[in-house]
Structure formats: C-alpha cells, structure tokens
Amino acid sequence: MIVGFDYGSSNCAMGQLSDSEIRLIPLENGKPYLPSTLYAQHNQLIVDYVNAHIACPQQKGEYQSSRQHLLAGVHAIRSDLGLSASESGLAIGRAAIEEYIDFPEEGFFVKSPKSFFGAIGLKPQQIDFFEDIACAMIMNIKKRAESAIGHALTHTVIGRPVNFQAIGGEQSNAQAVSILTRAAKRAGFKEVEFLYEPLAAGIDFEAKLNDNKNVLVVDIGGGTSDCSFVKMGPDYREKADRSHDFLAHSGKRVGGNDLDIALTYHTIMPLLGLGTELKSGLPMPNQPYWQACKINDIHLQTEFYSAQNARLLTTMLRDVESPDLLSRLIKVQQNKLSHQLVRQGELAKIALSDSAVTSRELAFIEQDLDLNIAFSEFNDAINDNIKSMVSLAQDAIKQAGVAPDVIYLTGGSAQSPVIKSALTAALGEIPILNGDNFGSVTAGLTQWANKIYS
C-alpha cells in the first residue's frame with residue numbers, strides 16, 4: 001500500500017488514494033492529525049520500543065548490535081518503573097502531551113523532533129538518538145494507519161523542508177534525510193522517497209487549476225518556512241518529469257514554533273525577570289530566558305537544564321533586584337516547564353488571529369499568575385520572524401526572474417493575518433489564495449507517491 005506521509009514539525013498525517021480520491025487516514029480519535037510529540041518515562045525505553053517493533057530479522061540483528069549497551073540496561077529500568085511486559089512506557093501524540101503535563105519533571109518529552117535532525121555538530125550518539133525518536137514515532141503512526149485502513153504500508157513519499165536548518169546547508173539536509181530514511185525503513189517501509197513540502201502543497205493546488213499559472217507556493221509550517229516557484233496548470237500536471245517546471249526554491253528554519261517562542265520570550269518572560277536589573281544596576285542577562293524558550297534548539301535546552309545552570313540561577317537570587325521573579329524562572333528550570341510555557345505562547349498566537357487581546361493562565365508557575373497579551377504586542381514580538389518569512393518569498397521570485405500570477409499560502413501558521421498582510425505589503429497586490437492549511441502537503445505527497453510508485 002502506498003501513502004503520502006507528512007512528518008511535520010507540529011503534526012503528522014498520512015494520506016492514501018482510494019477510489020480515485022485522496023483521503024487522510026485517521027490516526028488519533030478518528031482525526032487525521034497527530035501532534036509531533038513523544039514522551040518516554042525513560043529515554044532508553046525509546047530504544048526498547050524500536051527494538052521490539054522491528055519486523056525484519058536482519059535489521060533487528062543490526063540494530064541490537066548497534067544499541068547493545070543501551071538495551072543491556074532496559075530490564076533494570078523497566079523494573080524500577082514497575083512496567084509490565086505489555087507496557088512500553090512510551091506515548092505519542094496527544095497522549096504524550098498529557099503525560100508531560102502530568103509529570104513534567106519526570107521522563108523525557110520532545111516536541112517537533114524534526115527540527116533537530118539537521119542540527120550541526122551532533123555527535124554519533126545524538127544522531128542515533130534522534131533516529132530512534134523518528135523510528136519510534138514512524139512505527140507508531142504506521143501501525144495506527146494500518147489498523148485504520150486494514151492494509152500493510154510499504155511505499156511512501158515523505159515531505160521535507162527545502163532546508164532543515166538555517167545553517168549547515170546541504171550537509172544538514174543530507175544528515176536529516178539520512179535520519180528519516182533509516183528510521184522509515186527500520187519502521188517497515190520498503191521504499192522511501194522525499195518531496196519538498198511546498199511542492200507537495202502546490203501539487204494539490206494544481207489539480208484544481210483550469211489555466212496555466214506561475215505560482216509561488218508559500219508553506220509556513222511549524223518548524224520551517226519554504227517557498228517554491230512552479231509553473232502549474234493543465235499543460236504541466238500530467239508530466240512525469242517536472243524538473244523544468246520548478247523555477248526556484250527557498251527555505252529557512254523559521255516557522256510557527258518560532259512565532260510561539262518569540263511571543264513567549266517578549267510577553268511572558270518579563271514575569272520571570274526578563275528586563276529587570278541586578279543590584280549592581282546592570283541589566284539581567286537575557287541568555288537564560290532565551291534558553292528556556294528555545295524548545296527547538298537541543299543545545300540551548302541542554303544548557304538551560306544543566307546542573308551548572310541550576311547552580312548559577314540559584315546563586316543569582318541574592319544579586320537581583322527582583323528575586324521573586326527570578327524564582328519563577330528557577331521553578332521552570334527545576335520542573336522542566338519550558339514546553340508548557342511556550343504552549344501558552346502558541347495558544348495566545350492562535351487566539352490573537354481573531355481577537356485583539358487574550359488572557360493566559362500561568363498557574364503551573366505560580367498560583368493566580370496570569371497575563372493579558374494584546375495583538376499589538378504579538379505583532380511587535382514576531383516582527384523579525386515575519387521579515388524572514390517574507391524575504392524567502394522575495395528570494396524565490398528573484399531566482400525565478402518572473403512575477404507570480406498567484407501566491408498559494410498554506411501551512412499551519414498561514415492562518416495568521418499578519419503573514420498575509422506582510423506578503424501583500426512587500427510583494428504588491430498579487431492575489432493570495434489560502435489552501436488547506438493542514439492537509440494540502442499530505443494530499444500532494446499522496447498524489448506524488450501514487451504517480452512514482454504505481
């Protein structure tokens with residue numbers, strides 16, 4: 001069975017072609033979108049889960065050999081946690097979010113793991129770890145999909161951003177694609193191909209065109225923003241080779257998650273001491289606040305949760321003018337609350353799409369602590385990120401050497417009116433059409449998968 005697979009930064013989805021119609025497969029509670037989150041009671045349980053679900057004997061033997069030192073300690077970990085033979089100690093999707101909220105200081109939680117796959121400077125053990133996270137998630141999602149449709153999944157096209165990282169170039173891209181390829185094949189897919197996410201979104205859009213158009217596809221995802229400039233329409237869509245129709249690509253690791261982080265940093269972090277002063281009159285360092293918010297940067301999160309940083313923050317209590325505010329940051333550090341903090345930024349972003357002000361409750365930090373955030377504050381907080389997104393569209397148009405007839409705007413964060421307004425201000429009165437903000441990439445991947453595998 002052939003599927004298109006959107007392993008997204010915010011959500012995962014799979015699509016199949018059934019009776020000449022593309023359908024998204026239900027993955028959780030009858031819905032097709034599964035949050036890209038994983039929670040494990042211990043990180044070595046991820047290795048245990050992957051090992052338990054590898055079907056190919058040869059792959060299983062190779063995996064056991066490569067993870068032998070980690071697998072050796074699993075029995076003791078499971079015993080300490082009181083897990084039965086039927087319990088994995090692992091949760092994916094909304095269940096992972098619920099586990100993290102209930103037990104933030106215990107276990108291991110990761111959101112948007114794809115954001116880390118292209119990180120530069122990763123050690124071999126870290127690459128293995130991210131491969132195991134990807135594999136565990138793909139195994140789980142694949143099993144859900146197979147249960148829903150009643151067929152084994154064997155061939156897939158996975159969406160990928162133009163660039164997984166802002167720096168690192170093709171080396172970062174190759175590393176990320178390699179991680180996803182090995183993970184998907186270990187999870188049981190026999191054939192794995194990749195397609196740029198904006199192209200996938202564009203393929204879905206093209207099926208509805210009655211005339212040929214020069215289309216700038218702008219895909220604002222959770223972890224990346226990507227643009228593809230494509231010739232589309234009836235004269236192009238049936239072609240097997242589309243390489244000459246793709247005029248330009250641009251992409252950068254800046255997406256909806258970065259808007260959440262920026263909003264959290266600029267509006268919530270002042271309640272934790274950002275912008276206050278030391279008793280010496282010097283400003284409070286910004287770094288620990290940025291580390292706390294940057295949930296899509298493994299290095300900064302590691303630094304924030306290190307024992308050294310815990311000692312530093314505790315020592316600083318006697319040197320600051322507002323120790324009560326810094327104590328809130330220390331609670332975030334001690335109880336691993338970064339994801340919950342940024343989640344409030346995300347919920348505020350969503351609410352401010354159609355409201356002038358929103359109120360966020362922060363009782364998980366301190367009882368009765370809340371905050372009102374105005375749309376103007378949101379606009380100011382995300383201004384630099386929006387400029388980066390717009391510059392990608394301008395770069396793609398410059399590469400193509402021709403103005404687009406239409407801009408096709410898609411992706412989970414494309415709902416924000418700020419983005420559409422910024423594109424219009426920078427590019428002029430080019431028609432902007434909104435696609436299926438969540439399903440267009442999956443639909444395009446599914447269509448492409450059936451074209452290349454059938």
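Trainee: How much space lies in the largest cavity?
Mentor: About 40 Å³ in this predicted model.

Trainee: Which residues line that largest cavity?
Mentor: The lining is made of Ile-203, Glu-206, Arg-237, Arg-242, Gln-447, Trp-448 and Lys-451.

Trainee: How does the lining of the largest cavity divide by class?
Mentor: There are 4 charged residues, 2 nonpolar and 1 polar.

Trainee: And which helices supply at least two residues of it?
Mentor: Helix H8, residues 197-206, and H18 each do so. H18 gives the largest share of that lining, with 3 residues.

Trainee: How many cavities of 30 Å³ or more are there?
Mentor: The count is 3.

Trainee: OK, on to pockets. What volume does the largest pocket have?
Mentor: Its volume is about 990 Å³. The lining holds 47 residues, and those closest to the pocket centre are Ser-10, Asn-11, Lys-111, Glu-346 and Phe-438.

Trainee: Which elements supply at least two residues of that lining?
Mentor: Two strands are on the list, E2 (11-18) and E7. The helices are H5, H9 (256-268), H14 (338-351) and H18 (440-453).

Trainee: Where does the largest share come from?
Mentor: From H14, which contributes 7 residues to the lining of the largest pocket.

Trainee: How many of the lining residues are polar there?
Mentor: In the largest pocket 24 are polar, alongside 13 nonpolar and 10 charged.

Trainee: What about the second largest pocket, how much space is in it?
Mentor: About 620 Å³. Its lining has 22 residues, and nearest the centre lie Phe-108, Phe-109, Ile-298, Gln-301 and Thr-302.

Trainee: Which elements give two or more residues to that one?
Mentor: Strand E7 does, and so do helices H6 (124-149), H11 (298-304) and H14.

Trainee: And the class split for the second largest pocket?
Mentor: Here 12 residues are nonpolar, 7 are polar and 3 are charged.

Trainee: E7 keeps turning up. Which sheet is E7 in?
Mentor: E7 belongs to an open sheet of 3 strands, in the order E6-E5-E7, with antiparallel pairing. Strands E6 (90-92) and E7 (108-111) are the edge strands, and each pairs on one side only.

Trainee: What does the twist average in that sheet?
Mentor: It averages 10° from one strand to the next.

Trainee: Over how many bridges do E5 and E6 pair?
Mentor: Strand E5, residues 37-40, pairs with E6 over 3 bridges, in the antiparallel sense.

Trainee: Which residue stands opposite Ala-91 in E6?
Mentor: Tyr-39 does.

Trainee: What packs on the sheet?
Mentor: Helix H5, residues 94-102, which touches E5, E6 and E7. The direction of H5 makes about 50° with that of E5. H5 also supplies at least two residues of the lining of the largest pocket.

Trainee: Last topic, the whole chain. How many helices and strands does the chain have?
Mentor: There are 18 helices and 16 strands.

Trainee: What does the C-alpha trace span along its principal axes?
Mentor: About 70 × 60 × 40 Å.

Trainee: What would the radius of gyration be for a compact globule with 454 residues?
Mentor: It would be near 22 Å. The chain has 23 Å, so its value agrees with that of a compact globule.

Notes
Residues are numbered from 1 along each chain as its sequence is written. This is a predicted model: local features need pLDDT of at least 70, side-chain atom pairs count only at pLDDT 80 or more; totals for chains, interfaces and linings use all residues. Side-chain values use heavy atoms; hydrogens and water are left out. Two strands pair if DSSP finds at least two bridges between them. Helices (H or I, at least four residues) and strands (E, at least two) are DSSP runs, numbered from the N terminus. Axes are lines fitted to C-alpha atoms, for helices over the stretch in contact, and angles run from 0 to 180 degrees between N-to-C directions. Contact means heavy atoms within 4.5 Å. On a 1 Å grid over the protein atoms alone, a cavity is a set of points where a 1.4 Å probe fits but cannot get out, and a pocket is an open set with protein on both sides within 12 Å along at least five of seven lines; lining residues have an atom within 4 Å of a point. Grid points are joined across faces, edges and corners, and a volume is the space filled by probe spheres set on the points. Ala, Val, Leu, Ile, Met, Phe, Trp, Tyr, Cys and Pro count as nonpolar, Asp, Glu, Lys and Arg as charged, and the others, Gly among them, as polar. The radius of gyration is taken over C-alpha atoms; the globule rule is 2.2 Å times the number of residues to the power 0.38.
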